[in-house]
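Please consider the structure shown below. The paragraphs that follow lead through a set of side-chain contacts, a nonpolar core and a pocket.

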Amino acid sequence: MEKLRLQNARKYYLLSCHRFMTFKGHKSYEETIILSVINNGGSICFTFTDLSNNEVISLDNPKSGDYIIPLKKGIKTKLVTTASKAIGSYKIIKKTIIDK
């Protein structure tokens, strides 16, 4: 069984920001973050940092589409979003796979 939970959604025109979010992986279920981006111009960067070993996944000015970032069980992941004059939208969805 899959469970989808919307974490954040934003539409923007000339967005300039520096935002933080943290996600913690479930202790026993598999979880992923789905980032859906529509990029129509400007500059936007999504940086995912695994706080246990400082492993970084960086999406610098990504093309429009869906990106899947796996979460490690019981480990926190920090998302930093920085933008300058960005135009478009994004959705951040947390997907949990529950085995019964």
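A polar contact is a pair of N or O atoms within 3.5 Å; within protein, one of the two must be able to donate a hydrogen and the other to accept it. The model to which this criterion is applied here is a predicted one.

Asn 39, a residue of strand β2, offers two examples of side-chain to backbone pairing. Its side chain reaches the backbone nitrogen of Gly 41 at 3.3 Å, and the side chain of Asn 39 also reaches the backbone oxygen of Pro 62, at 2.9 Å. Once neighbours within four places in sequence are left aside, the contacts of Asn 39 are Ile 44, Asn 61, Pro 62, Ser 64 and Ile 87. Is Asn 39 buried or exposed? Asn 39 counts as buried because its relative accessibility is 17%, and the cut-off for buried is under 20%.

Gly 65 belongs to strand β4. Gly 65 counts as partly exposed because its relative accessibility is 26%. When residues up to four places away in sequence are not counted, Gly 65 touches Leu 35, Ser 36 and Val 37. Gly 65 is separated from Ile 75 by 10 residues in sequence and by 26 Å in space, C-alpha to C-alpha.

The discussion now turns to the nonpolar core. The largest nonpolar core has 18 residues, and those touching the most other members are Ile 33, Leu 35, Ile 44, Phe 46, Phe 48, Tyr 90 and Ile 92. Two or more residues of this core come from each of β1 (2-24), β2, β4 and β5 (76-97). The element that gives the most is β2, with six residues. For Ile 92, the contacts beyond four places in sequence are Arg 5, Leu 6, Gln 7, Asn 8, Met 21, Phe 23, Ile 33, Ile 34, Leu 35 and Leu 79.

Which residues line the largest pocket? The lining consists of Phe 48, Thr 49, Asp 50, Glu 55, Ile 57, Ile 69, Pro 70, Leu 71, Lys 72, Ile 75 and Thr 77. Strands β2 (30-50), β3 (55-60) and β4 (65-71) are the elements that give two or more residues to this lining. By residue class, the lining of the largest pocket comprises six nonpolar, two polar and three charged residues. The space in the largest pocket is about 170 Å³. Phe 48 appears in this lining and is also one of the core residues that touch the most other members.

Notes:
Residues are numbered from 1 along each chain as its sequence is written. This is a predicted model: local features need pLDDT of at least 70, side-chain atom pairs count only at pLDDT 80 or more; totals for chains, interfaces and linings use all residues. Side-chain values use heavy atoms; hydrogens and water are left out. On a 1 Å grid over the protein atoms alone, a cavity is a set of points where a 1.4 Å probe fits but cannot get out, and a pocket is an open set with protein on both sides within 12 Å along at least five of seven lines; lining residues have an atom within 4 Å of a point. Grid points are joined across faces, edges and corners, and a volume is the space filled by probe spheres set on the points. Helices (H or I, at least four residues) and strands (E, at least two) are DSSP runs, numbered from the N terminus. Ala, Val, Leu, Ile, Met, Phe, Trp, Tyr, Cys and Pro count as nonpolar, Asp, Glu, Lys and Arg as charged, and the others, Gly among them, as polar. A nonpolar core is a set of buried Ala, Val, Leu, Ile, Met, Phe, Trp, Tyr and Cys residues joined through side-chain atoms within 4.5 Å. Buried means under 20% relative accessible area, exposed over 50%, partly exposed in between (1.4 Å probe, protein chains only). Contact means heavy atoms within 4.5 Å.
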